[in-house]
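Colleague: I am new to reading structures, and I would love a close look at one part of this one. Could you walk me through the aromatic residues and what surrounds them?

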Amino acid sequence: MKLGICSDIHVHRHDQTQEIEHLIAHVNGHRDLDLLICAGDVSHRTAEVRAFFEAISLDCPRAWVPGNHDLWVIDAESETDCSEARYHSVLPAVSSAAGWHYLPSGPLDLPELGVAVVGTTGWFTGSGYSEWFNTDADERDAALALRFASELENDIASAGDRTRLIVVTHHVPHPACLLETHSRRGEHSARLAEVIARYSTRIEVVVHGHKHRRYGPSTIDGVRYIAHPFGYPSEHERPEDGLRVFVLGGGGESYSNPGSPAISG
């Protein structure tokens, strides 16, 4: 299957609007994709999330998980606007209207391709600022990380014992996906890594975003991981860097954009 992945588009950065328009045109030119995945961080404005998704005109299945920016209420859009409401109500409705599958609502089954796509936002733990609670991070973030991991495991269970899996997260899904110099390696990803390890023999690839570092597929504990963020204006050389396409299965793999530089964030 030919899989396209993107993440961390950050369309709220209006200093790269023209580049994003070129990226959308580049994505829409790939009419032969079997599946398009977005690993989150489109915008903290839900109207911009919907506009971006509606601009993608591909006929293939399209699936995504929201990132911390998509859930972060910087400017409240209603009296009830909060991360919980966005996660459970607002973003599922936006996704449905734009023709995208919202993975936190359940797996995307693709029996003709022999896979199911499952996904969760995941969450960070430890010290720092919580974009879910709009305050300093505390034990609630650790509980949220556990909750997201549990939701991922439940979705894997609902996909059936024999189904091959593509896993999508926004936050980093394994400590080894981060650079050695990163100061909060395990705290970001321990809960997700535990779930992935339990189902590693069924997982074709894990796609994630968040850290603005393009790499992979890289094999970690027998599982392949890949990330291909667009990032902020200084983090890509050309609009085309915002999409990665590769062929999964069929006795071999081929990759587009092999020369795109790795970036860190």
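**A walk around the aromatic rings**

Modeller: Happy to! Let us begin with one residue: Tyr87 is buried, with a relative accessible area of 2%. Please keep in mind that this is a predicted model.

Now for the wider picture. The structure holds 12 aromatic pairs. In one of them, Tyr87 meets Tyr102 edge-to-face, with 6.3 Å from centre to centre and 65 degrees between the planes. This pair links distant parts of the chain: Tyr87 belongs to helix α4 (residues 83–98) and Tyr102 to strand β4 (residues 101–102), 15 residues apart. Is Tyr102 buried or exposed? Tyr102 is buried, with a relative accessible area of 4%.

A second pair is made by Trp123 and Phe148, and this one is tilted: the centres are 6.3 Å apart and the planes are at 45 degrees. Trp123 sits in the loop between β6 (115–120) and β7 (129–130), while Phe148 sits in helix α5 (residues 139–158), so the pair ties together parts that are 25 residues apart in sequence. Trp123 and Phe148 are both buried.

Next, step back and look for the group these rings belong to. One aromatic cluster is formed by Phe52, Phe53, Trp64, Tyr87, Trp100, Tyr102, Trp123, Phe124, Trp132 and Phe148.

Charges join the scene too. Over the ring of Phe148 sits the charged end of Arg147, 5.6 Å from the ring's centre. In the case of Phe133, the charged end of Arg140 sits over the ring, 4.1 Å from its centre.

Let us return to helix α4, where we met Tyr87. Its axis and that of helix α2 (residues 46–55) come within 9 Å and cross at roughly 30 degrees. Angles under 35 degrees count as roughly parallel, and α2 and α4 are therefore roughly parallel to each other. The crossing of α2 past α4 is right-handed. Where they meet, α2 brings Thr46, Val49, Arg50, Phe53 and Glu54, and α4 brings Arg86, Val90, Leu91, Val94, Ala97 and Ala98. Look out for Phe53 here, since you have already seen this residue in the aromatic cluster.

One last stop is Arg86, which lies in helix α4. Arg86 is buried, with a relative accessible area of 0%. Leaving aside residues up to four places away in sequence, Arg86 touches a list of residues including Thr46, Asp70, Asp75, Glu77, Asp81 and Tyr102. That brings us back to Tyr102, the partner of Tyr87 in the edge-to-face pair.

Technical notes:
Residues numbered from 1 in each chain as written. Predicted model: local features only at pLDDT ≥ 70, side-chain atom pairs only at ≥ 80, totals over all residues. Heavy atoms only, no water. Phe/Tyr/Trp six-rings, centres within 6.5 Å; stacked < 30°, edge-to-face > 60°. Helix = DSSP H or I, 4+ residues; strand = E, 2+ residues; numbered from the N terminus. Buried < 20%, exposed > 50% of the residue type's maximum accessible area, 1.4 Å probe, protein only. Lys NZ or Arg CZ within 6 Å of the ring centre and 35° of its normal. Axes fitted to C-alpha atoms, helices over the stretch in contact; angles between N-to-C directions. Parallel < 35°, antiparallel > 145°, perpendicular 65-115°, else oblique. Left-handed = near helix turned anticlockwise from the far one by under 90°. Contact = heavy atoms within 4.5 Å.
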